[in-house]
Amino acid sequence: MIIVAVEMRSFWSLQFLCAISLALFMTCDSFPKDEGLALTAFKEAIYEDPLLVLANWNALDSDPCAWPGISCSFTRDHVIKINISGLSLKGFLAPELGRITHLKELILHDNCLIGTIPKELCMLKYLEVLDLGVNQLTGSIPPEITSLTSVKKINLQSNGLTGSLPPEIGSLKNLQELRLDRNKLQGHFPADKNSDFMPKVHGMYASIANLTGLCRASQFTVADFSYNFFVGIIPKCLEYLPRTSFQGNCLQHQYVKQRSAALCDGAPPPRARQTLNSKHQPLGDSSKLHQGTSKPTWLLALEIVTGIMVGSLFVIALLTALQRCKSKSSIIIPWKKCISQKEHMTVYIDSEMLKDVVRFNRQELEVACEDFSNIIGSSPDRLVYKGTMKSGPEIAVISICIKEEHWTGYLELYFQKEVADLARLSHENTGKLLGYCRESSPFTRMLVFEYASNGTLYEHLHYGEGCQLSWTRRMKIILGIARGLKYLHQELDPPFTLSELNSSAVYLTEDFSPKLVDFESWKSIIERSEKNSLSIGSQGAICVLSNSVEERHLDIHGNVYAFGILLLEIISGRQPYCKDKGCLGKWAKEYLEVPEAISYMVDPELKHFRYEDLEVICKVVNLCICPDTTKRPSMEEVSSMLENKIDTSVSVEMKASSLAWAELAIAS
């Protein structure tokens with residue numbers, strides 16, 4: 001009987017290992033459909049990848065485990081880690097990431113992700129590390145976070161998260177590190193009201209099962225709640241943390257540095273939220289006692305031989321399976337069929353984002369723009385119409401040229417973010433967004449701006465009417481542009497930068513006051529969605545920044561450089577780029593290096609100019625186009641230099657000019 005039992009046990013061991021080997025064969029031939037689809041959806045949600053990190057994420061590849069940033073299990077049948085940090089990805093968090101069921105680490109630290117945190121991420125029950133820190137995420141922390149039962153580290157620092165802190169975080173028993181600093185979180189710390197009076201036992205509170213909120217959690221190794229808008233007091237159960245973990249809030253504790261009363265009074269009220277009840281079961285230990293019995297020598301020998309044979313078979317099967325994995329069969333890709341389906345493009349639109357922006361309907365804009373026949377500008381990615389509303393004001397309507405089949409949920413969220421971003425601009429030298437239009441039938445995405453009646457600065461400089469721009473008028477335009485950029489860069493929080501700063505982005509009012517308008521922000525997103533290359537345009541804007549359109553970042557240093565080139569264009573009347581002279585900056589270099597020669601850069605159309613103004617302009621240009629970006633001045637410094645040195649009054653020499661007297665007559 002004993003021999004039969006031993007043989008049966010060996011037989012079942014062999015069967016079990018053979019089953020594992022069979023599983024290895026199967027998993028290598030078929031990567032999970034949901035995981036492949038989720039990775040593809042993640043790539044689709046990224047609209048700017050300047051370092052081409054995702055370029056090798058090829059949907060035709062049957063083995064995503066080889067993609068950059070992806071780590072798989074030993075058997076290469078599941079994705080267990082996504083680590084793409086500090087690589088300037090711009091886009092959204094795809095909800096489909098919640099389908100990668102075996103994921104243990106999701107690290108997307110230090111990118112430019114926008115939108116909200118999808119609640120689907122909370123379906124990752126094996127997730128141990130969630131690091132979305134240093135991005136631009138908004139909205140609240142989803143209360144479903146309580147489902148991350150295995151999580152040990154949550155990093156959401158340096159985003160724009162709002163709302164109150166979910167008490168559900170306290171139910172995460174394995175959570176050791178929690179970083180929520182530098183957001184806009186509000187309200188009280190969720191903790192039991194009686195926790196201040198409960199006795200400690202070895203640093204822990206007694207009767208933990210009766211506590212709520214953060215006091216239910218085990219003590220954090222690291223926790224940072226600083227620089228939010230939390231109010232009230234620090235719960236006793238969190239007082240073991242460093243004081244710096246609570247600084248920069250609106251708490252009552254005076255011994256911890258807090259925000260000023262003015263900032264705290266201006267903080268939006270915390271949103272009401274419901275506390276989810278959760279059932280708690282006491283932990284119980286169960287153990288079974290096993291009594292060992294001595295075995296005869298022959299039985300031990302038989303087991304050893306059987307073990308060696310089974311182990312050998314297992315190793316052979318494993319090596320064969322890995323060899324087959326490396327061969328990557330390309331005949332069947334079980335998850336490829338679903339890649340083009342629209343279902344995986346669902347995202348959560350923030351209903352609060354555009355609540356204060358006027359929404360126009362297509363019909364009223366069609367009437368205002370004479371059936372969209374009054375076209376005043378066009379490019380491969382947009383059409384610009386002029387119109388007059390029934391209420392009186394003249395408008396410029398920008399219609400985004402994109403096919404409906406190429407429009408996704410991510411583009412919609414991007415559209416809404418851009419509208420909200422443009423709507424917050426309010427300065428005399430920036431274009432005023434009056435509203436937007438979003439309709440499905442016919443498919444329409446439009447922006448409605450206040451109309452500037454004098455066209456663009458580019459048209460005046462290069463299409464015959466340059467004589468209208470006297471030196472004084474050009475200096476006023478320069479000062480206006482500098483004030484506008486100073487407002488965008490220094491006075492807005494967060495700062496706003498123009499996608500392409502050039503003379504075509506400067507519109508002029510009836511009295512030649514400049515208005516900065518960002519019409520080019522859609523170029524890269526439309527280019528990516530339509531999978532084709534858009535022309536840069538006759539203005540030669542590619543010379544403003546050396547990067548390609550896809551790599552052009554919305555950065556302050558780039559705007560400062562572009563402003564320097566724009567100054568050269570204004571004083572010289574030359575195109576930013578021409579075939580004979582190349583880029584304007586290169587042409588001007590030989591004059592800028594010889595102070596005595598700078599007067600030769602002045603537009604021949606100008607009969608009068610002020611040399612002192614020209615010297616200041618050239619000094620600013622040299623600073624702005626400095627190759628070392630760290631040495632470029634801020635627009636606040638530039639604006640101050642120009643304001644203090646440039647004289648916009650009519651000089652004695654210009655008073656002899658009929659054009660100057662005409663300007664005085666218009667201004668009076």
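## Overall picture

Two residues are in contact when they have heavy atoms within 4.5 Å of each other. With that in hand, here is a first look at this chain, which is a predicted model. Among its contacts between residues at least 6 apart in sequence, 63% join residues at least 24 apart.

The chain contains 15 helices and 24 strands. Of its 668 residues, 48% are buried.

## Salt bridges between separate elements

Side chains of opposite charge can pair when their charged atoms come close. Searching the whole structure turns up 12 salt bridges. One of them joins Lys81 to Glu105, with 3.6 Å between the closest N and O atoms. Lys81 belongs to strand S3 (residues 79-83) and Glu105 to strand S5 (residues 105-107), so this pair ties together parts that are 24 residues apart in sequence. As for their surroundings, Lys81 is partly exposed, at a relative accessible area of 25%, and Glu105 is partly exposed too, at 24%.

Another salt bridge brings together the side chains of Glu412 and Arg445, at 2.8 Å from N to O. Here the partners sit in a helix and a strand: Glu412 is in helix H6 (residues 409-423) and Arg445 is in strand S20 (residues 444-450), so the pair links parts that are 33 residues apart in sequence. Are Glu412 and Arg445 buried or exposed? Both residues are buried.

## A salt bridge near a cut-off, and a network

Arg424 and Asp421 also meet through their side chains in a salt bridge, with an N to O distance of 2.6 Å. The two partners fall into separate accessibility classes, and the cut-off explains why: buried means under 20% relative accessible area, and partly exposed runs from there up to 50%. Arg424, at 25%, therefore counts as partly exposed, whereas Asp421, with a relative accessible area of 18%, is buried.

Salt bridges can also share partners, and in this model such sharing joins Lys153, Glu177 and Arg179 into one network.

## Helices H8 and H12

Let's turn to helix packing. Helix H8 (residues 471-491) packs against helix H12 (residues 611-624) at an angle of about 35°, and the two axes are 12 Å apart. The crossing of this pair, H8 with H12, is left-handed.

Which residues make the contact? On the H8 side they are Trp471, Met475 and Ile478, and on the H12 side Asp613, Leu614 and Ile617. Sorted by class, the contact of H8 with H12 has 5 nonpolar residues, no polar residues and 1 charged residue.

## A three-stranded open sheet

Next comes a sheet. In the order S1-S4-S6, 3 strands form an open sheet with mixed pairing. Strand S1 (46-48) and strand S6 (112-114) are the edge strands, each pairing on one side only. From one strand to the next, the twist averages 25°.

Within this sheet, S1 pairs with strand S4 (residues 90-92) in the antiparallel sense, over 2 bridges. Glu48 has Lys90 as its bridge partner in S4. A helix adds to the picture here: helix H2 (residues 33-45) lies across S1 and S4 and runs at about 35° to S1.

## Parallel pairing around S14

Strand S14 has parallel pairings to show. Strand S10 (residues 186-187) and strand S14 (residues 229-232) pair in the parallel sense over 2 bridges. In this pairing, Gln186 stands opposite Phe229 of S14.

S14 is also joined by 2 bridges to strand S15 (residues 250-251), and these strands run parallel. Which residue of S15 is the bridge partner of Gly232? The partner is Leu251.

## Pro166 in its loop

To finish, consider a single loop residue. Pro166 lies in the loop between strand S8 (153-155) and strand S9 (177-179). Its relative accessibility is 0%, so Pro166 counts as buried. Pro166 and Gly213 are 47 residues apart along the chain, and 7.9 Å separates their C-alpha atoms.

Terms used
Residues are numbered from 1 along each chain as its sequence is written. This is a predicted model: local features need pLDDT of at least 70, side-chain atom pairs count only at pLDDT 80 or more; totals for chains, interfaces and linings use all residues. Side-chain values use heavy atoms; hydrogens and water are left out. A salt bridge is a side-chain nitrogen of Lys or Arg within 4 Å of a carboxyl oxygen of Asp or Glu. Helices (H or I, at least four residues) and strands (E, at least two) are DSSP runs, numbered from the N terminus. Buried means under 20% relative accessible area, exposed over 50%, partly exposed in between (1.4 Å probe, protein chains only). Axes are lines fitted to C-alpha atoms, for helices over the stretch in contact, and angles run from 0 to 180 degrees between N-to-C directions. A crossing is left-handed if the near helix is turned anticlockwise from the far one by less than a right angle, and right-handed if clockwise. Ala, Val, Leu, Ile, Met, Phe, Trp, Tyr, Cys and Pro count as nonpolar, Asp, Glu, Lys and Arg as charged, and the others, Gly among them, as polar. Two strands pair if DSSP finds at least two bridges between them.
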